[in-house]
Amino acid sequence: MTQKVAVLGTGKIGEALLSGMIRAGWTPSDLLVTARRPERAEELRTRYGVTPVTNPEAAKTADTLILTVKPQDMGTLLDELAPHVPADRLVISGAAGIPTAYFEDRLAPDTPVVRVMTNTPALVDEAMSVISAGTHATADHLAHTEEIFGAVGKTLRVPESQQDACTALSGSGPAYFYYLVEAMTDAGILLGLPRDKAHDLIVQSAIGAATMLRDSGEHPVKLRENVTSPAGTTINAIRELENHGVRAALIAALEAARDRSRALASGNNS
């Protein structure tokens, strides 16, 4: 791991990535960071031993550039970087909704670009990172990207045409589970439980269910049926969920998230 990697616009996800890479064996001296505020850059230097640089310095020095700024700030960043990025640099974008062609049009011809949609469980090394190659990215570029993002969770390669759907399911996905836990906690309080006990019950149930989904190899329908006794409590709850259209609402919600990702890709930020 002798290549220099620069994380540009190092916020929470960028910091989680840095931390995971160091635990996975990267040498801090090979990691560069940029941040909007000097005090933030110094904080990262103190905490991880990485080297703060300017965006142009990162472009000139690093072999791999990971762009973690918000989508609305990406154009400004690329304007700053473009004069300084040689065509042999690997550029990895973590910005939702922005296609690789957007970067290829603004950087030197033949610059390899890889698009990644990760999610906030990167903060606890349980991210789901979805990776797509741009026109000039090779299998080696994809493998290098997987090595980086594999430090904070799982990775999955998909065609770029599927990125908007993955953003809806995985990029935004943690928020849906938090929303469900919030609603179930409120229900627990309504049923007479203290908030802390309702929270503990639901969170551990969620962890157990997720672990069974991951490790058992069973279809979720089969796992649900294992909990659902004839004329029992669970089937009555499932009936109410169906009566209130929860399944249809989830499908509609994910379609709305996908459509918003497509809108961002077309430049509609409103």
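In the predicted model described here, helix 1 supplies four residues to the lining of the second largest pocket, which is the largest share of that lining. This pocket has a volume of about 960 Å³, and 35 residues line the second largest pocket, with Gly9, Gly11, Thr68, Val69 and Lys70 lying nearest its centre. Besides helix 1, the elements that each supply at least two residues of this lining are strand 4 (64-67), helix 4 (74-81) and helix 7 (163-171). When the lining of the second largest pocket is sorted by class, twelve residues are nonpolar, 16 are polar and seven are charged.

The chain as a whole contains twelve helices and eight strands, and its C-alpha trace spans about 70 × 40 × 35 Å along the principal axes. Of the 270 residues in the chain, 37% are buried. Among the contacts with a separation of 6 or more, 62% are made by residues that stand 24 or more positions apart.

Strands of a sheet pair through backbone hydrogen bonds, and the pairing may be parallel or antiparallel. In this model, eight strands form an open sheet with mixed pairing, and their order is 3-2-1-4-5-6-7-8. Strand 3 (51-52) and strand 8 each have a single partner strand, so one side of each is left without a neighbour in the sheet, and these two strands stand at the edges. Strand 1 and strand 2 are paired in the parallel sense over four bridges, and in this pair the bridge partner of Ala6 is Leu32 in strand 2.

Further along the order of the sheet, strand 6 and strand 7 run antiparallel and are joined by four bridges, with Ile131 in strand 7 as the bridge partner of Val116. Strand 7 also pairs with strand 8 (residues 153-157), in this case in the parallel sense and over five bridges, and here the bridge partner of Met128 is Lys154 in strand 8. Strand 7 is mostly covered, with five of its seven residues buried.

Strand 7 also takes part in the largest nonpolar core, to which two or more residues each are given by strand 1 (5-8), helix 1 (12-23), strand 2 (31-34), helix 2 (38-48), strand 5 (90-93), strand 6 (113-117), strand 7 (127-133) and helix 6 (139-149). Helix 1 contributes the largest share of this core, namely four residues. The core has 26 residues, of which Met21, Ile66, Ile92, Val114 and Ile148 touch the most other members. For Ile66, when residues up to four places away in sequence are not counted, the residues touched are Val5, Ala6, Val7, Leu8, Leu17, Ile92, Ile148 and Phe149. A second core, separate from this one, has 21 residues, and Leu32, Met74, Leu81 and Leu107 are included in it.

Rolling a probe the size of a water molecule over the atoms shows where empty space is left. For the interior of this model, the count comes to one cavity of 30 Å³ or more, and the volume of the largest cavity is about 30 Å³. The residues lining the largest cavity are Ile13, Ala16, Leu17, Thr118, Ala122, Phe149 and Val152. Helix 1 gives the most to this lining, with three residues. By class, the lining of the largest cavity consists of six nonpolar residues and one polar residue, with no charged residues.

Two residues outside the helices and strands were examined for their backbone angles. Asp125, which is not a glycine, has a positive phi near 60°, and Asp125 is placed in the loop between strand 6 and strand 7. Its relative accessibility is 29%, so Asp125 counts as partly exposed, a class that lies between the limits of 20% and 50%. Ala231 likewise has a positive phi, of about 60°, although Ala231 is not a glycine. The place of Ala231 is in the loop between helix 10 (220-227) and helix 11 (233-243). With a relative accessible area of 77%, Ala231 is over the limit of 50% and is therefore exposed.

Definitions and conventions. Residues are numbered from 1 along each chain as its sequence is written. This is a predicted model: local features need pLDDT of at least 70, side-chain atom pairs count only at pLDDT 80 or more; totals for chains, interfaces and linings use all residues. Side-chain values use heavy atoms; hydrogens and water are left out. A nonpolar core is a set of buried Ala, Val, Leu, Ile, Met, Phe, Trp, Tyr and Cys residues joined through side-chain atoms within 4.5 Å. Buried means under 20% relative accessible area, exposed over 50%, partly exposed in between (1.4 Å probe, protein chains only). Contact means heavy atoms within 4.5 Å. On a 1 Å grid over the protein atoms alone, a cavity is a set of points where a 1.4 Å probe fits but cannot get out, and a pocket is an open set with protein on both sides within 12 Å along at least five of seven lines; lining residues have an atom within 4 Å of a point. Grid points are joined across faces, edges and corners, and a volume is the space filled by probe spheres set on the points. Ala, Val, Leu, Ile, Met, Phe, Trp, Tyr, Cys and Pro count as nonpolar, Asp, Glu, Lys and Arg as charged, and the others, Gly among them, as polar. Two strands pair if DSSP finds at least two bridges between them.
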